[in-house]
Amino acid sequence: MKLRRPARRATLVVHVTAAAGWLGLTLGLVALAAAAITTDSAPTIEASVRAMKVFTDWLVVPLVFVTLLSGLLLSLGTPWGLARHRWVYTKFWLTLATTIASTFALRPGVNDAVATVSAGEPLASSTDLIAGPIVSLSAYLFMTVISVLKPWGLTRRGRRLRTTHQADQKQLGQKQRASTHKKVDAEVMRQTA
């Protein structure tokens, strides 16, 4: 399946926007978690943790899925492919892993922190609050770097597909060269002479 140029461009804009939003929100989560763990003020801790909940519930989780789906559509609808280039393959698996982690670890962890702080109890572990956003931020920065640099070359499947494609192009070129010569009919030759 190949995406036409307008669809490919629109999908790329959606993907880059969602990924940039996800990166920015994660940076915001790191800042809020840092504020919560470096202060002794209960209202500041509660406000920071509640803001983290809003980010994870209303912004991060939807952007996670938009990024994953638009990236999958781009990889399947463009010549980059999903398993042709190592950087695309790596980025897909990292996106999938961070999607799962954001949905099933980050969000419940923030919800637990909100419940703890709302009950008037101190946070059990300050490192739990900041560890998830730091790991996520590191993964997103790494994915951004490999999206720009496109390192590592083709996968085994990508090399095999390229070899097959080159062989097909070579055969097509030979057929086209052979067909450029006009076949001369003996009847036409007699009429010309």
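Select lysine 150 first. In this predicted model, lysine 150 is partly exposed, because its relative accessibility is 35% and the partly exposed class lies between 20% and 50%. Lysine 150 belongs to the loop between α4 (126-149) and α5 (156-179). Check its backbone as well: phi of lysine 150 is near 50°, a positive value in a residue other than glycine.

Stay in this loop and select tryptophan 152, which also lies between α4 and α5. Its phi is positive too, about 80°, although tryptophan 152 is not a glycine. With a relative accessible area of 43%, tryptophan 152 is partly exposed.

Now go back to lysine 150 and show its side chain. Which ring does the charged end of lysine 150 sit over? The ring is that of tryptophan 87, and the charged end is 4.9 Å from the ring centre.

Keep tryptophan 87 selected and add tryptophan 80. The centres of these two rings are 5.3 Å apart and their planes stand at 75°; the pair is edge-to-face because the angle is over 60 degrees. Are the two partners buried or exposed? Tryptophan 87 is buried, at 9% relative accessible area, whereas tryptophan 80 is partly exposed at 37%.

Next, select phenylalanine 92 and tryptophan 93. These two rings form another aromatic pair, with 5.1 Å from centre to centre and 70° between the planes, and the pair is edge-to-face. Phenylalanine 92 is buried, with a relative accessible area of 17%. Tryptophan 93 is partly exposed, with a relative accessibility of 45%. Add Tyr89 to the selection: ring pairs link Tyr89, Phe92 and Trp93 into a cluster. The count of aromatic pairs in the model comes to five.

Switch to a cartoon view for the helices. Two packed helices are described by the angle between their axes and the distance between the axes. Select helix α2 (residues 42-77) and helix α3 (residues 86-118), which pack with their axes 9 Å apart and at an angle of about 160°. That angle is over 145 degrees, so α2 is roughly antiparallel to α3. The crossing of α2 past α3 is left-handed. Colour the residues of this contact by type and you should find 17 nonpolar, eight polar and five charged.

Keep α3 and bring in helix α1 (residues 5-37). The axes of α1 and α3 come within 14 Å and cross at roughly 45°. That makes α1 oblique to α3. The crossing of α1 and α3 is left-handed.

Two distances finish the tour. Select arginine 84, in the loop between α2 and α3. Arginine 84 is partly exposed, at 29% relative accessibility. How far apart in space are arginine 84 and leucine 161? They are 8.0 Å apart, C-alpha to C-alpha, with a separation of 77 residues in sequence.

Then select glutamate 46 in helix α2. Glutamate 46 is partly exposed, with 28% relative accessibility. Draw the C-alpha to C-alpha distance from glutamate 46 to leucine 59: 19 Å in space, for 13 residues in sequence.

Methods: Residues numbered from 1 in each chain as written. Heavy atoms only, no water. Phe/Tyr/Trp six-rings, centres within 6.5 Å; stacked < 30°, edge-to-face > 60°. Buried < 20%, exposed > 50% of the residue type's maximum accessible area, 1.4 Å probe, protein only. Lys NZ or Arg CZ within 6 Å of the ring centre and 35° of its normal. Axes fitted to C-alpha atoms, helices over the stretch in contact; angles between N-to-C directions. Helix = DSSP H or I, 4+ residues; strand = E, 2+ residues; numbered from the N terminus. Parallel < 35°, antiparallel > 145°, perpendicular 65-115°, else oblique. Left-handed = near helix turned anticlockwise from the far one by under 90°. Nonpolar A, V, L, I, M, F, W, Y, C, P; charged D, E, K, R; others polar.
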